[in-house]
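How do helices pack against one another in this model? The report below takes up that topic.

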Amino acid sequence: MAASTCARALRSTVLAAPRHAARGFGARRISVASLENFKFDPIRESEVSRAMTTRYMKDMYDFAEADVIITGAGSAGLSCAYELSKYPELKIAIIEQSVSPGGGAWLGGQLMSAMIVRKPAHLWLDELGIEYEEMDRFVIVKHAALFTSTIMAKVLAAPNIKLFNATAVEDLIIKNDRISGVVTNWSLVTQHHDTQSCMDPNVMESKMLVSACGHDGPMGAFGVKRLQQVGLIKELPGMRCLDMNVAEDAIVELTQEIAPGMIVTGMEVSEALGAPRMGPTFGAMMMSGRKAAALTLEALGIESRAGDASQRKAAAA
């Protein structure tokens with residue numbers, strides 16, 4: 001194949017517009033008869049490799065410089081990303097060290113299914129279209145995975161957001177005492193630096209960084225730990241013991257730009273500023289993530305598009 005023909009084929013592979021599945025295919029009820037003669041279209045193995053590689057490398061190229069980087073795709077990070085997705089002019093990268101994003105929001109407490117959300121945070125569930133059982137002072141989502149899968153689907157469908165999972169943040173880019181991006185590597189490489197020769201990382205620049213790395217753990221609270229190491233914050237008081245009533249209000253209240261260019265949200269707030277843990281209630285994670293989005297917009301000089309459905313309902317309540 002001539003070089004020009006190869007180039008045209010590559011461009012068509014990379015730039016082809018997304019196509020939706022044929023209408024009605026998934027709407028029919030399944031039966032054995034409907035699958036008896038089912039056959040996949042033929043494909044070459046190299047086509048699969050090129051389709052994945054070209055798109056991923058294009059994403060790495062495009063998001064090497066982003067408006068916002070969110071580190072951590074748990075409930076706070078995803079809530080922040082969802083709010084920022086409403087601003088198509090922003091380019092947003094989410095970096096998640098795990099293969100499976102979602103953090104601890106796939107289950108409720110002690111591996112049980114239900115998710116508890118204290119009022120009035122439940123009003124935001126209405127905007128997301130998530131059903132719940134209503135109690136006096138809280139609501140119950142029948143399975144935490146219903147929240148996580150719903151918000152993740154909405155975030156990943158946004159054209160201005162790219163999730164890089166199985167990717168670890170190894171360091172921060174800091175220029176003139178301002179956080180200006182992150183240093184990244186494949187998570188498996190990061191976890192095995194002591195078992196192999198040095199493998200240098202990659203970098204991603206950003207105007208704002210939202211750190212949603214969770215509480216202390218193997219990679220938890222990484223952002224604020226690094227800030228302390230380089231002297232941009234003086235101390236890390238650590239997460240205090242459980243008090244639901246104090247904790248959830250404190251997590252939202254203390255969500256802030258903790259250093260120039262970096263906003264801390266979710267349970268990383270508790271490690272940075274000494275808030276209690278709240279245990280198996282999730283409203284604070286959602287509202288903290290949303291506040292982080294509002295603070296990010298403010299820092300970028302973008303007027304927040306207030307007045308969404310949940311805000312209007314809360315104001316009327």
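What follows covers helix packing and the two faces of one helix.

This is a predicted model, with local features needing pLDDT of at least 70, side-chain atom pairs counting only at pLDDT 80 or more, and totals for chains, interfaces and linings using all residues. Residues are numbered from 1 along each chain as its sequence is written, and side-chain values use heavy atoms, leaving out hydrogens and water.

Helices here are DSSP runs (H or I, at least four residues), and strands are runs of E (at least two), numbered from the N terminus. Axes are lines fitted to C-alpha atoms, for helices over the stretch in contact, with angles from 0 to 180 degrees between N-to-C directions.

| Helix pair | Axis angle | Axis distance |
|---|---|---|
| H4 and H11 | about 45° | 7 Å |
| H9 and H11 | roughly 10° | within 8 Å |

H9 and H11 are therefore roughly parallel (angle under 35 degrees). In H9, Glu248, Ile251, Val252 and Glu253 meet H11 residues including Met285 and Lys291 (contact means heavy atoms within 4.5 Å).

H9 spans residues 244-254, and its buried residues (under 20% relative accessible area, 1.4 Å probe, protein chains only) are Ala247, Glu248, Ala250 and Ile251. They cover an arc of only 165° around the axis, which puts them on the same side of H9; the arc is that of directions from the helix axis to the C-beta atoms. They pack against strand S3, helix H10 and H11. The face turned away carries Asn245, Asp249 and Glu253, which are exposed (over 50%).

Notes. Angles under 35 degrees count as roughly parallel, over 145 as roughly antiparallel, 65 to 115 as roughly perpendicular and the rest as oblique.
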